[in-house]
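I'm opening a fresh notebook page for this one. The plan is to look at how a pair of helices sit together, then at what surrounds a ligand.

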Amino acid sequence: LEEKIISLEGRVPKTYPDVNFLNYLKRKRILITGGAGFVGSHLVDRLMSEGHEVIVVDNFFTGRKRNVEHWIGHENFELIHHDIVNPLFIEVDEIYHLASPASPPHYMHNPVKTIKTNTLGTINILGLARRLKAKILIASTSEVYGDPNIHPQPETYWGNVNPIGPRACYDEGKRVSETLTYAYAKQENMEVRVARIFNTYGPRMHMNDGRVVSNFILQALQNDVITVYGSGVQTRSFQYVSDLVEGMVALMSSNYSQPVNLGNPVEHTINEFASIIKNLVGGHSKVVHVSEVEDDPQRRRPDISRAKQYLSWEPKVDLNTGLHKTVEYFRNELKRFKYSHRN
Ligand code: NAD
Ligand code: UDP
């Protein structure tokens, strides 16, 4: 490395004033599929601020240019409009594969497309990684555990998924995505990482996302009724997006190739969550119970021992802090939306 430093001294482009010389040498070309989405765009910020070259590939189904617009024009950043169901030919060192709708209303909107994205799309991205000998991280999900019989869920649990239910396009899609990843790893001797991501929230979530965090916050901000699906005794554990991004980066740079849960183990019933949001936002929304959704997992909480042991990672942002930032984001989004509709 020292020899390389000496031979390159003086040839580092002056356009990287914030990036020190060693970081310049460590710089990678990184592909993020789905990088214009909620999680992907935060990962873009993280990797760009470290001085890497970042290429985002996105079909803008649920992602938006606005999520990454602050990087457009930066010489290290490229945004490619492309659907990963079609093969992709680019040159990179590392791949974070996030492209897939993630919220139930989005992935159920076109179930066949969701399956194609997670199967054909994942094959295309794994094929790309194989050709380039690039390390690849797959964004999997806690949904691979389905409606779990084991609680909290460790990575060794095989799950309880209805293969023909309304969530199957996503759950089974992601399960196949994992299967493909390990088949490629074994057969093609590839370096793979699999992150099983639990419910994540934060700024840049889609307004019409339909997930519980965005629904409840928007309902409370507009003094609408807060809609709890079913009895509300079902549970979820919510992770702030910056914790997830740190976990994904730690997983990518680790030597660990088995699946790793990334989530916050603090668990709440949906009824409790409705009260938390109501108290935080204020206003006079009423909490109402509407019909339950089919195959809704009843309990979900990650066992994060593996992430602690192999990545020295655990979430840092507590629910109150994360929700404050998210409520602020949605408040501004509502203002922006009203303003743009007035003019
Ligand atoms: P998101 O919908 O905001 O982002 C997904 C991105 O993928 C969007 O930009 C979308 O336009 C893009 N995309 C979808 N299909 C595509 C295709 N065929 N070709 C190219 N781009 C495509 O969702 P998110 O919350 O940011 O989720 C990112 C990843 O993390 C997903 O793979 C999701 O399954 C996984 N995940 C997220 C959560 C969560 O709580 N947010 C939980 C578990 C897993
Ligand atoms: N939920 C709810 N009201 C809503 C949206 C969701 O009660 O307006 C419930 C949903 O039934 C589930 C939990 O909140 O039990 C989390 O749902 P979400 O769609 O956010 O994510 P999931 O974990 O189910 O993918």
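Before I start on the helices, I need a cut-off: angles under 35 degrees count as roughly parallel, over 145 as roughly antiparallel, 65 to 115 as roughly perpendicular, and whatever is left is oblique. I also keep in mind that this is a predicted model.

**Entry: the helix pair.** I looked up helix 7 and helix 9, the latter being residues 270-281, and found that their axes cross at roughly 40°. The axes come within 9 Å of each other. That angle falls in none of the named ranges, so I put the two helices down as oblique to each other. I checked the handedness too: helix 7 passes helix 9 in a right-handed crossing.

**Entry: who surrounds ligand 2?** I counted 18 residues around ligand 2. The ones that come nearest are Thr227, Tyr229, Arg236, Asp296 and Arg300. Sorting the shell by class, I got seven nonpolar, five polar and six charged residues.

**Entry: polar contacts.** I went through some atom pairs next. Asp296 has a side-chain N or O atom 2.5 Å from an oxygen of ligand 2. For Thr227 the backbone does the job, with a polar atom 2.7 Å from a nitrogen of the ligand. I also noted Asn199, where a side-chain N or O atom is 2.8 Å from a ligand oxygen.

**Entry: how covered is it?** Ligand 2 on its own exposes 520 Å², and I see that the protein buries 95% of that. Which elements give two or more residues to the shell? My answer is helix 7 (212-221) and strand 8 (226-229). So helix 7 turns up in both parts of this page, beside helix 9 and around the ligand.

Technical notes. Residues are numbered from 1 along each chain as its sequence is written. Chains are lettered from A and ligands numbered from 1 in the order in which they are written. This is a predicted model: local features need pLDDT of at least 70, side-chain atom pairs count only at pLDDT 80 or more; totals for chains, interfaces and linings use all residues. Side-chain values use heavy atoms; hydrogens and water are left out. A residue is near a molecule or strand if one of its heavy atoms lies within 4 Å of it. A polar contact is a pair of N or O atoms within 3.5 Å; within protein, one must be able to donate a hydrogen and the other to accept it, and residues adjacent in sequence count only if both atoms are side-chain atoms. Accessible areas come from the Shrake-Rupley method with a 1.4 Å probe; for residues, only the protein chains shown count as cover. Helices (H or I, at least four residues) and strands (E, at least two) are DSSP runs, numbered from the N terminus. Ala, Val, Leu, Ile, Met, Phe, Trp, Tyr, Cys and Pro count as nonpolar, Asp, Glu, Lys and Arg as charged, and the others, Gly among them, as polar. Axes are lines fitted to C-alpha atoms, for helices over the stretch in contact, and angles run from 0 to 180 degrees between N-to-C directions. A crossing is left-handed if the near helix is turned anticlockwise from the far one by less than a right angle, and right-handed if clockwise.
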